[in-house]
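Hi,

Here is the structure I promised to pass on. Have a look at it first, and then read on for what turned up.

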Amino acid sequence: MKRIALVLTAVLTVGLLTGCKQKKQTEDIVVHKPEAPKPQAPIRMQEYNQVKDVKWLNRDYQVNITRVADDSLQMVKDETGQKFVDNRITVRIIRADGSTCFSRAFTKAAFDDYLDDDYRRTGILEGIVFDRVEENRVIFAGSVSHPQTDEYIPFIITVDNFGVVAIKRDTDLDTNGNDENDL
């Protein structure tokens, strides 16, 4: 009986000593592959309306710019497959008596001649804002962008007193904040 107790004690001692031994550490680093985000429902930009009272050709006018996400326009996708609804922007110039002097709805198609294939396929009309009045023209700034990025193509849009619209790419970088030499 002593012998069995002695053998059991020896086995338990060996088991305890080997069980408390540290496990061998490896230098392998396990990095889990991040899951690509799943595309959500199509993303729409927030609607906005800019109203500005201006003096043009010695008369009072109101410039009204409205942006809405337009489901009738072709949606664009980014590199993850996320869809974005393109925008329709309406520019109106209204006389002091309330009558409309100029009204036009702009889509990305208005800027098509100035876009490369990438922006035609993946860009949206992000915005148009009033800039200034200069002689017989009302001048606006506009942009077509890759959604939810800082990548965009800037445009200058002018409307003259006959309602003729001119669009050109804005190639001048406003790095000093000085508007005097623009356009």
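A quick definition before the numbers: accessible areas here come from the Shrake-Rupley method with a 1.4 Å probe. On that basis the chain exposes about 13200 Å², and carbon and sulfur atoms supply 51% of that area. Do keep in mind that this is a predicted model.

Now the overall layout. The chain has two helices and 10 strands. Starting at the N terminus, the order is α-β-β-β-β-β-β-α-β-β-β-β. Of the 183 residues in the chain, 28% are buried. Among contacts with a separation of 6 or more, 45% are between residues 24 or more positions apart.

Next, a hairpin. Strand β5 covers residues 87–95 and pairs with β6 in the antiparallel sense, over six bridges. One spot to look up is V91, whose bridge partner in β6 is R104. Four residues sit between the two strands of this hairpin, and G98 in the turn has a positive phi of about 95°.

Then the aromatic rings. How many aromatic pairs does a search of the whole structure find? There are five. Take Y114 and F155: their ring centres are 6.0 Å apart and their planes stand at 65°, so this pair counts as edge-to-face. The pair links distant parts of the chain, with the two positions 41 residues apart in numbering terms: Y114 is in the loop between β6 (100–106) and α2 (117–122), while F155 belongs to strand β9 (residues 152–160). Are these two buried or exposed? Y114 is partly exposed, at a relative accessible area of 29%, whereas F155 is buried, at 1%. Ring pairs also join Y114 and F155 with F106 and F111 in a cluster.

Last, an arginine to click on. R132 lies in strand β7, which spans residues 124–134. Why does R132 count as buried? Its relative accessibility is 14%, and buried means under 20%. The side chain of R132 has a polar contact of 2.5 Å with the side chain of D131. Another polar contact, at 3.3 Å, connects the side chains of R132 and E134.

If you want a place to start, open the ring cluster of F106, F111, Y114 and F155, and then go to R132 in β7.

Cheers

Terms used
Residues are numbered from 1 along each chain as its sequence is written. This is a predicted model: local features need pLDDT of at least 70, side-chain atom pairs count only at pLDDT 80 or more; totals for chains, interfaces and linings use all residues. Side-chain values use heavy atoms; hydrogens and water are left out. Buried means under 20% relative accessible area, exposed over 50%, partly exposed in between (1.4 Å probe, protein chains only). Contact means heavy atoms within 4.5 Å. A polar contact is a pair of N or O atoms within 3.5 Å; within protein, one must be able to donate a hydrogen and the other to accept it, and residues adjacent in sequence count only if both atoms are side-chain atoms. Rings of Phe, Tyr and Trp (its six-membered ring) pair if their centres lie within 6.5 Å; planes under 30 degrees apart count as stacked, over 60 as edge-to-face and the rest as tilted. Two strands pair if DSSP finds at least two bridges between them.
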